[in-house]
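Good morning, colleagues. Thank you for the opportunity to present a structure that is new to this group. Please take a moment to look at it before I begin.

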Amino acid sequence: MEEAKNKVYVDVTAEFTPDGFLRPLCIVWEDGVRYEIDRVLHRERCASRKAGGAGIMYTCMVRGKHIRLFYEENYKWFVTRNTDEGC
Amino acid sequence: MDRAILHVDMNAYYASVEELHHPEFAGRPLAVGGDPEARHGIVLTANYPAKRLGVKTGMALWQARKACPTVIFVPPRMDLYLRFSRLARDIYREYTDLVEPFGIDESWLDVTQSLSCKGSALSIAEEIRARVRHELGLTVSIGVSFNKIFAKFGSDYKKPDAVTTITRENYKDIVWRAPAEDLLYVGRATIRKLHTLGIHTVGDIATAEPDLLLSQFGKMGLVLWSFANGTDASPVSPYEAESPIKSIGNSTTTPRDLTDENDVRLVLLLLSESVAARLRENHFVGRLVGIYVRDNELCSFTRQKKISIPTNISEEIADYATDLFRQNYAWERPIRSLGVRVGQLQPDAYCYQMDLFTDEVLREKQLKVDIAVDGLRNRFGHDCILRGRMYFDRYLSGLDAKAEDHMVHPHSYFEAGNRTGSEELLFHMKQEDDV
């Protein structure tokens, strides 16, 4: 079965804060480039109809751009390929 | 005060989860169907576009393809469906601890105690609907009512992505006008009998004489009467309430249709071995053996019988199951699924009445053999030791009898006992008779 084209599983470095929150710090895109996450703006449970999946959505600031990073229940992280459009 | 009960039904569940994970198929007819290679080749769920084109649950894949040539088949991913089912229940649990699952995709919620802080039942229902849609990307239909039966009716009334309220004021307009088969537990056999009595709608059941229903259907007649009148008092069970194990069973869809008694015996043996092993593992013996049979047109039935000496011996269970099968199946059609269940459990250390005609020495030997086989299989895997019969058809006997598909079967409404209030009704009727 063909995987959804807009769903990109990525390597993520994350940390647990002392109060138990999981906070992503940087992601490695499929071309190997490493992107630091400057800020996590928002965190909520959300489905992504575009990428195809659901989980905890982190709206992050990366190099001046908003990206949506999803943490799925299967412990994988994914990003929607074109992140400018809605989730 | 009336209870506030919601019934949440996840629409076209398996298909909706697959649609979410395959955005490239958005808006196209899609059906979740078993692997055609392993010949579990039936449609488990179709999405709405596919349903509109005539694809129905239970169709063989080739029939579905004939009805709708553009339909896309995806193999089922049970782990994914169980995960999303759990996520949905996590949402429900934020509103009440009284969440009672009914199968994988339905739940009852009693939100009576949440009304003071969350507003009306309708607003809770709307909030849950919106949250499941936003957070899980799935649609649900919700029925809101003052008892479980009408709530369930409401969730079926309008779908997908809708909320229906059934109140004491409108139930006669909505529920009573519906055909009788829309009521829970009115199946094919019951509806035939109801029709001969001139009962066609839910309202007809509600206004029928309870005595008549009792004489025709036994206690179940009174249950239906209370369902139809909205007097069903069954409570919503607390989430994950430890229900004591009442029975142990296994069922399977076979890799090919079963066409004769040898096939059936082989599969019943496999299932009985698995059931008996689980009985021994949990230190139970049972006094009731039941079978489940489904033919290749998906007509199914269950039969059970009490046995005099409680058992956890594979061979014995298989023999009882085979007897039951022989007495109840006339081979109108080949068989697609079989199940074996042992109920009325008691601890295996409990004493029991022997009888003169049963060879207890043999039983003891059989049990020892079973225990030895359990030990071998635990160490070296299931296939390390098999009955000779299994080698007549390794394709058929290779099926995984341990498959946990029993956990997805819909539960019985009466799993926690009959709590509908019909027993009280019967009691009062008897009292009136005595007077």
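I shall describe the two chains in turn, then their contact, and then several individual residues.

Please keep in mind throughout that this is a predicted model.

Let me start with chain A. Chain A has 87 residues, of which 24% count as buried. Its secondary structure consists of eight strands and zero helices. Read along the sequence, the pattern is therefore simply β-β-β-β-β-β-β-β. How much of the contact in this chain joins residues 24 or more positions apart? Among contacts in chain A with a separation of 6 or more, such pairs account for 35%.

One residue of this chain may serve as a landmark. Tyr75(A) sits in the loop that runs between β7 (65–72) and β8 (77–80) of chain A. Is Tyr75(A) buried or exposed? Tyr75(A) counts as exposed, because 7 C-beta neighbours lie inside 10 Å, and a residue with 12 or fewer is placed in that class. Gly55(A) is 20 residues away from Tyr75(A) along the chain, and their C-alpha atoms are separated by 9.6 Å.

I turn now to chain B. In chain B, the secondary structure comes to 17 helices and twelve strands. Of its 435 residues, 36% count as buried. Along the principal axes, the C-alpha atoms of chain B fill a box of roughly 70 × 65 × 45 Å. The radius of gyration of chain B is 24 Å, which agrees with the value near 22 Å for a compact globule of 435 residues. Among contacts in chain B between residues at least 6 apart in sequence, 64% join residues at least 24 apart.

The domain assignment divides chain B into domain 1 (1–165) and domain 2 (247–407). How far apart do the C-alpha centres of these two domains of chain B lie? The distance between them is 33 Å.

Within chain B, I should like to draw attention to two helices. Helix α4 of chain B covers residues 78–92, 15 residues in total, and reaches 21 Å from its first C-alpha to its last, close to the 21 Å expected at 1.5 Å a residue. The buried residues in α4(B) include Tyr81(B), Phe84(B), Ser85(B), Ala88(B) and Tyr92(B). Why can one say that the buried residues of α4(B) line one face of the helix? Viewed down the axis of α4(B), they fall within an arc of 105°, so they line one face. On the other side of α4(B), Asp79(B) and Arg86(B) are exposed. The cover over the buried residues of α4(B) includes β1 (5–10), α1 (13–21), β5 (99–101), β6 (106–110) and α6 (121–136) of chain B.

The second helix is α13 of chain B, residues 261–281. Its 21 residues should span 30 Å at 1.5 Å a residue, and its end C-alpha atoms are 29 Å apart, which agrees. Ala277(B) belongs to helix α13 of chain B and is buried, since 23 other C-beta atoms lie within 10 Å. Tyr239(B) is 38 residues from Ala277(B) along the chain, and 29 Å separates their C-alpha atoms.

After α13(B) comes His283(B), with a positive phi near 55°. His283(B) lies in the loop between α13 and β10 (284–295) of chain B. His283(B) is exposed because 12 other C-beta atoms lie within 10 Å.

Two further backbone details of chain B deserve mention. Tyr185(B), a residue other than glycine, has a positive phi near 75°. Tyr185(B) is located in the loop between α8 (171–174) and α9 (188–196) of chain B, and with 13 C-beta neighbours inside 10 Å it counts as partly exposed. The other detail is the peptide bond from Lys159(B) to Pro160(B), which is cis, with omega near 0°. Pro160(B) is placed in the loop between α7 (148–157) and β8 (162–165) of chain B.

Finally, I come to the contact between the chains. Here 15 residues of chain A are in contact with twelve residues of chain B. On the side of chain A that touches chain B, the elements giving two or more residues are β5 (39–48) and β6 (53–62) of chain A. The largest share, three residues, comes from β5(A). By character, the residues on this side of chain A divide into six nonpolar, three polar and six charged.

Thank you for your attention.

How values were computed
Residues numbered from 1 in each chain as written. Chains lettered and ligands numbered in written order. Predicted model: local features only at pLDDT ≥ 70, side-chain atom pairs only at ≥ 80, totals over all residues. Helix = DSSP H or I, 4+ residues; strand = E, 2+ residues; numbered from the N terminus. Buried ≥ 20, exposed ≤ 12 C-beta atoms within 10 Å, placed from the backbone. Domains from an automatic or database assignment. Rg over C-alpha atoms; globule rule 2.2 N^0.38 Å. Contact = placed C-beta atoms within 7 Å. Expected span 1.5 Å × (residues − 1). Arc of directions from axis to C-beta. Nonpolar A, V, L, I, M, F, W, Y, C, P; charged D, E, K, R; others polar.
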